[in-house]
Amino acid sequence: MKWTLITGGAIRLGAEIARELAKSGYNIVIHFNKSKTPAQKLKNDIKKIGVHCEIISGDFNSSSSVQDFLNRYDFDTENLIHNMGNFLIEGPLETSIDNWENLFQTNLFAPVQITKELVPQIIKHKGRIVTIGVTGINTARADIKSTAYTQTKTSLLGFTKALAVELAPRGVTVNMVSPGQLDNSIDLKDPSKLPMKRAGKTRDVARMIKFLLEPESNYITGQNIEVAGALRL
C-alpha cells in the first residue's frame with residue numbers, strides 16, 4: 001500500500017491538505033507533535049471518505065528526535081509533504097541565537113533529514129515531494145518582521161531546487177508551494193489591505209498541492225508556486 005506523509009498534518013493547513021488529498025484517493029499518514037486529539041479526529045474523518053489513514057507522533061526539535069520518528073515510521077511512502085514548520089515574528093537582532101537554531105532545525109534540517117531517509121521509497125514509486133514556503137522568497141528582499149523564519153524558508157527553497165535537479169532523472173518531482181496571508185494566518189491584520197481585498201483560504205493551497213501530485217503534473221519540478229493573491233509582487 002502506498003502512502004502520502006503530511007508532516008504537521010493534524011491542524012490548520014496540514015489538516016486541509018490531508019482532507020483534500022484523501023478526497024482524491026490518497027492514503028494519508030498524519031504526523032503530529034502535540035496535537036494528538038485533533039490528529040485522531042482527523043484520522044476518523046478521513047477514513048469515512050473511504051481511504052486509509054494513520055497517525056504518528058514526532059518531535060522535530062533535534063536530529064535525534066527526528067531519527068526517533070524515522071525509526072518508528074513504517075509506511076511505504078509515495079509522496080512527502082513537508083508542511084511542518086515553526087513561525088516567529090521577530091526582527092534579525094531581536095531573535096535569539098536559540099530561536100535562530102530552533103527555526104532552522106524544524107523548518108530546514110528536519111525536512112532534509114526526513115527526505116534523505118524516505119527518498120528511496122519515493123523514487124521507487126516515482127512520487128512527489130512538496131515543501132511549504134512563504135510568499136516573497138522568489139526574489140531577494142529584506143524582511144525585518146520575521147527574519148529568521150523567512151531565511152529558513154529561503155534555504156528550504158534552495159534545497160527544493162537542488163533536489164529537483166538531482167531527482168529529475170529518477171522521475172520524482174520536487175516543488176514548493178508558498179502561501180501568502182491566509183484567513184487563519186497568525187499575523188493577519190486587515191484583509192481589506194491585501195491586493196485582492198481578502199485573505200486566501202487553506203483550501204487554495206491544498207488544491208495546488210493536489211495538482212502537483214497528479215500524474216499530468218509530472219513535468220513541473222523545481223518551482224516555487226505562490227498562492228498569495230498578488231501579495232509581495
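A cavity here is a set of grid points where a 1.4 Å probe fits but cannot get out. I start with that, since the first entries are about empty space.

**Entry 1: the model.** I am looking at a predicted model.

**Entry 2: cavities.** I rolled a probe the size of a water molecule, in the usual way, to see where empty space is left. How many cavities of 30 Å³ or more are there? I found one. For the largest cavity I noted a volume of about 30 Å³.

**Entry 3: the lining.** Next I asked which residues line the largest cavity. My list reads T7, F60, H82, M84, T106, A110, P111 and I114. Helix α4, residues 97–125, gives the largest share of this lining, with four residues. Sorting the lining by class, I got five nonpolar residues, three polar ones and no charged ones.

**Entry 4: the largest nonpolar core.** I then turned to buried side chains. The largest nonpolar core has 33 residues, and F69, Y73, I114, I129 and L167 touch the most other members. At least two residues of this core come from each of β1 (3–6), α3 (63–72), α4, α5 (147–167) and β6 (173–179). The largest share is again a matter of α4, which supplies eight residues. I was pleased to meet I114 twice: I114 lines the largest cavity, and I114 is also in this core.

**Entry 5: I129 and the other core.** What does I129 touch, leaving out residues up to four places away in sequence? I wrote down L80, H82, T115, I122, L163, L167, V172, T173, V174 and N175. Apart from the largest core lies another one of 29 residues, including I30, I46, I81 and I209.

Methods:
Residues are numbered from 1 along each chain as its sequence is written. This is a predicted model: local features need pLDDT of at least 70, side-chain atom pairs count only at pLDDT 80 or more; totals for chains, interfaces and linings use all residues. Side-chain values use heavy atoms; hydrogens and water are left out. On a 1 Å grid over the protein atoms alone, a cavity is a set of points where a 1.4 Å probe fits but cannot get out, and a pocket is an open set with protein on both sides within 12 Å along at least five of seven lines; lining residues have an atom within 4 Å of a point. Grid points are joined across faces, edges and corners, and a volume is the space filled by probe spheres set on the points. Ala, Val, Leu, Ile, Met, Phe, Trp, Tyr, Cys and Pro count as nonpolar, Asp, Glu, Lys and Arg as charged, and the others, Gly among them, as polar. A nonpolar core is a set of buried Ala, Val, Leu, Ile, Met, Phe, Trp, Tyr and Cys residues joined through side-chain atoms within 4.5 Å. Buried means under 20% relative accessible area, exposed over 50%, partly exposed in between (1.4 Å probe, protein chains only). Contact means heavy atoms within 4.5 Å.
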